[in-house]
Amino acid sequence: MAVAELGPVVLDCPEPRALARFYADVLGGTVEGEGDWVDLRLPGGRALAFQAAPGFVPPKWPAPDDSQQFHLDLDVKDLDAAEKAVLELGARPLDAEDRTRTFRVYADPAGHPFCLCAC
């Protein structure tokens, strides 16, 4: 028997509402809240949350000697179209040169790594 259910994944960041808006543009959903805590309610009932962290330092990618903290895998049907969209929304490529792979790695506007996956 499970002890708990997974709640929202919470991302520390300098500007919670701005980062929630970025992910709402990528994933859909509704941004709720202001200030130090903002929720993104996703279609299907899932959620991401964004918490203000004044001393936030983004993770490094790749950095085997430094912590990545975590990353999100976002499933897509068309890598090229998804890449174009996230770059227009403010993402930046971290590891997206190899076009033979089924995934590409980007950083969101706060520096968190995420992968677009056509797996």
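The following questions and answers concern the fold, packing and salt bridges of a predicted model.

Me: On what basis are residues numbered and features counted in this model?
Reply: Residues are numbered from 1 along each chain as its sequence is written, and side-chain values use heavy atoms, with hydrogens and water left out. The model is predicted: local features need pLDDT of at least 70, totals for chains, interfaces and linings use all residues, and side-chain atom pairs count only at pLDDT 80 or more.

Me: In what pattern do helices and strands follow one another along the chain?
Reply: Helices (H or I, at least four residues) and strands (E, at least two) are DSSP runs, numbered from the N terminus. The chain holds 2 helices and 8 strands. Read along the sequence, the pattern is β-α-β-β-β-β-α-β-β-β.

Me: What is the radius of gyration of the chain?
Reply: The radius is taken over C-alpha atoms, and the globule rule is 2.2 Å times the number of residues to the power 0.38. For 119 residues that rule gives 14 Å, and the value for the chain is close to it, so the chain is as compact as a globular protein of that length; its radius of gyration is 15 Å.

Me: What share of the residues counts as buried?
Reply: Buried means under 20% relative accessible area, exposed means over 50%, and partly exposed lies in between (1.4 Å probe, protein chains only). Of the 119 residues of the chain, the buried share is 35%.

Me: Which strands stand at the edges of the sheet β1-β4-β3-β2?
Reply: Two strands pair if DSSP finds at least two bridges between them. This open sheet has 4 strands and mixed pairing. Within it, β3 (residues 37-41) and β4 (residues 47-52) run antiparallel and are joined by 5 bridges; Asp 39 has Ala 49 in β4 as its bridge partner. Pairing on one side only marks the edge strands, which are β1 (9-13) and β2 (30-32).

Me: Why is one side of β5 and of β6 left without a neighbour in the sheet?
Reply: An open sheet of 4 strands with mixed pairing has the order β5-β8-β7-β6. Both β5 (72-75) and β6 (92-95) stand at the edges, so one side of each lacks a neighbour because each has a single partner strand.

Me: Which residue in β8 is the bridge partner of Leu 72?
Reply: Strand β5 runs parallel to β8 (residues 113-117), and 4 bridges join them. In β8, the partner of Leu 72 is Phe 114.

Me: Which strands does helix α2 touch as it packs on the sheet?
Reply: Contact means heavy atoms within 4.5 Å. Axes are lines fitted to C-alpha atoms, for helices over the stretch in contact, and angles run from 0 to 180 degrees between N-to-C directions. The direction of α2 (residues 79-88) makes about 5 degrees with that of β7 (103-107), and the strands touched are β6, β7 and β8.

Me: Is Val 86 buried or exposed?
Reply: Val 86 has its place in helix α2. Leaving aside residues up to four places away in sequence, Val 86 touches Phe 22, Val 26, Ala 91, Tyr 106, Phe 114 and Leu 116. With a relative accessible area of 3%, Val 86 is buried.

Me: How many residues apart are Asp 25 and Arg 21 in helix α1?
Reply: A salt bridge is a side-chain nitrogen of Lys or Arg within 4 Å of a carboxyl oxygen of Asp or Glu, and the count by this rule is 9. The side chains of Asp 25 and Arg 21 meet in one of these (3.1 Å, N to O). Asp 25 is partly exposed at 42% relative accessibility, and Arg 21 is partly exposed at 40%. About one helical turn separates the two in α1 (residues 16-27), a spacing of 4 residues.

Me: Which residues are linked with Asp 80 in a network of salt bridges?
Reply: Asp 80 in α2 meets Arg 104 at 3.0 Å, N to O; Arg 104 lies in strand β7, so the pair ties together parts that are 24 residues apart in sequence. Asp 80 is partly exposed at 47%, whereas Arg 104 is buried at 4%. Arg 99, in the loop between β6 and β7, and Glu 83, in α2, are 16 residues apart and also meet in a salt bridge (3.0 Å, N to O). The residues linked with Asp 80 are Glu 83, Arg 99 and Arg 104.
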